[in-house]
Amino acid sequence: WLHNEWEYLTSTKTSATLAQRWLEQMASAAERAGIKIQYCMGWARFALASVQFSAVNQMRVSDDYFFDLLQVYDFPDNLYLGVSSLLAHSVGLRSSKDVFWT
């Protein structure tokens, strides 16, 4: 969950360059290992930054999956993925939705 790393590390909030280096190092390691990266639970800034890294090819566009058994919500949160999907597509990423667990 990219947003957690960003929000809860003091270093990413006090350095103007650390987050960029972190993304660069993840992408570089993935390229050396021959694997791809999915950005999960990232903000729009991560999607925009992904255009710099060929190792990044997916972005999770939904929140954690849940089923609203009590029907508290008019529309389940896990279906709000239209805008995020458009953003992912516009920067060349494939959209990924959180899984359905049975």
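The questions and answers below concern strand β2 and its surroundings in a predicted model.

Q: Which strands pair with β2, and in which sense, parallel or antiparallel?
A: On one side, β1 (37-39) pairs with β2 over 3 bridges, and within this pairing glutamine 38 has glutamine 58 as its bridge partner. Strand β3 (residues 94-96) is likewise joined to β2 over 3 bridges, with methionine 59 standing opposite serine 95. The partners are therefore β1 and β3, and the sense is parallel.

Q: What is the handedness of the β-α-β unit that β1, α4 and β2 make?
A: The strands β1 and β2 of this unit pair in the parallel sense, and α4 covers residues 44-49. Together, β1, α4 and β2 form a unit that is right-handed.

Q: Is β2 largely enclosed or largely open?
A: Buried residues are those under 20% relative accessible area, and 4 of the 5 residues of β2 are buried. Because of this, β2 counts as largely enclosed by the rest of the structure.

Q: Which residues touch the most other members of the largest nonpolar core?
A: This core has 19 residues, and the elements giving two or more of them include β1 and β2, while the largest share, 4 residues, comes from α3. The residues that touch the most other members are Tyr39 and Met59.

Q: Is aspartate 63 buried, partly exposed or exposed?
A: Aspartate 63 lies in the loop between β2 and α5, and, leaving aside neighbours within four places in sequence, it is in contact with Met41 and Asp98. Its relative accessible area is 39%, so aspartate 63 is partly exposed.

Definitions and conventions
Residues numbered from 1 in each chain as written. Predicted model: local features only at pLDDT ≥ 70, side-chain atom pairs only at ≥ 80, totals over all residues. Heavy atoms only, no water. Core = buried A, V, L, I, M, F, W, Y, C linked by side-chain atoms within 4.5 Å. Buried < 20%, exposed > 50% of the residue type's maximum accessible area, 1.4 Å probe, protein only. Contact = heavy atoms within 4.5 Å. Pairing = 2+ DSSP bridges. Right-handed = clockwise from strand over helix to strand, strands pointing away.
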